[in-house]
Amino acid sequence: MATQHTAKVAAACRLIETAESLPGLEQLARHAGWSPYHFHRVFRAVTGVTPAKYAAAHRAAQVRTKLAGSATVTDAIYEAGYNSNGRFYATADAVLGMKPVAYRSGGAGMEIRFAVGECSLGSILVAQSERGICAIFLGDDAGALVRELQDRFPKATLRAGDRAFEKLVAKVVGFVEAPQIGLDLPLDIRGTAFQQRVWQALRDIPAGSTASYGDIARVIGKPESVRAVAQACAANKLAVAIPCHRVVRTSGELSGYRWGVERKRDLLSRESVIKASSRSK
DNA sequence: GGTTCTCTGCCGC
DNA sequence: GCGGCAGAGAACC
């Protein structure tokens, strides 16, 4: 039964990817032979995102590749399936993390600017690509953090951040100190589709709460993939912004943390204080 | 400012 | 497992 679900959803995904005018919910549901209601729920359970979100993500991916190959930015926008370039420009920053021309001239090799700062948890490395923040690492030793960045992005050109970049680091440090304020910077999240689903599920865990690996596996509709979830957490490159520190053992006991169990304990105890104080209001 | 579509919680079979 | 309603919200015109 479950395999039939995934097969139908996969077919719907292909339909979204190949259709020139994007199909609506009703059309997709008809293809699967279900009501729009049911189709929507199954799609969400299997993929972790709603059909509309999936279509939007696909268009965003399309426009990125088209921007590299098309004669003009406008051509790329229409080729990717957006029906108005004005509308696209309005959301370009969210989709690309920058202006379309900047993305276009970004070229082949990824360029990453980075800087290391200090916060209450020790050293913190913040790195930014053309698309947004691509790494937040925590550690004791600045040199080790930079080496970790090199290991994680072996093909990228790393460039030390200038003074303007320090402001960005300060903003991220502020966020790490008080995660509940949120981080209003574009994130460059790169990973497999599975990892992305796990990371999205992590971001849905509110500050002050925790979840187990099994919980996350169930949320993304793959209850048997507990170990894969743990691996995806370990592959997280954005400390605190993707709160893998909120994942604990089923027993409630802290499991490992890439940046040290002590930091995990610190983060969680801070967040539980925040939750307690907001509840007493 | 109105319409249309999407999304989710809840219920019924 | 599947369908459907209500209601809110976003996108669109």
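**Close-up views of T47 and DNA strand C**

**View 1. T47, a buried residue of helix α3.** T47 counts as buried because its relative accessibility is 12%, under the 20% limit. The model is predicted. T47 sits in helix α3. Its side chain reaches the backbone oxygen of V49 at 2.8 Å. Leaving aside residues up to four places away in sequence, T47 touches V9, C13 and R197.

**View 2. The protein surface around DNA strand C.** H5, W34, S35, Y37, H38, R41 and R87 surround DNA strand C. Of the strand's atoms that come within 4 Å of the protein, 64% belong to sugar and phosphate. By class, this surface has 2 nonpolar, 3 polar and 2 charged residues. Helix α3, residues 36-47, gives the largest share of the surface, with 3 residues. T47 of View 1 has its place in this helix too.

**View 3. Polar contacts to the phosphates of DNA strand C.** S35 takes part through its backbone: one of its polar backbone atoms is 3.0 Å from a phosphate oxygen of DNA strand C. H38 takes part through its side chain: a polar atom there lies 3.1 Å from a phosphate oxygen of DNA strand C.

**View 4. R41 and a base of DNA strand C.** Here the partner is a base oxygen of DNA strand C. An N or O atom in the side chain of R41 is 2.6 Å from that oxygen. R41 is one of the residues that surround DNA strand C.

Key: Residues are numbered from 1 along each chain as its sequence is written. Chains are lettered from A and ligands numbered from 1 in the order in which they are written. This is a predicted model: local features need pLDDT of at least 70, side-chain atom pairs count only at pLDDT 80 or more; totals for chains, interfaces and linings use all residues. Side-chain values use heavy atoms; hydrogens and water are left out. A residue is near a molecule or strand if one of its heavy atoms lies within 4 Å of it. A polar contact is a pair of N or O atoms within 3.5 Å; within protein, one must be able to donate a hydrogen and the other to accept it, and residues adjacent in sequence count only if both atoms are side-chain atoms. Helices (H or I, at least four residues) and strands (E, at least two) are DSSP runs, numbered from the N terminus. Ala, Val, Leu, Ile, Met, Phe, Trp, Tyr, Cys and Pro count as nonpolar, Asp, Glu, Lys and Arg as charged, and the others, Gly among them, as polar. Buried means under 20% relative accessible area, exposed over 50%, partly exposed in between (1.4 Å probe, protein chains only). Contact means heavy atoms within 4.5 Å.
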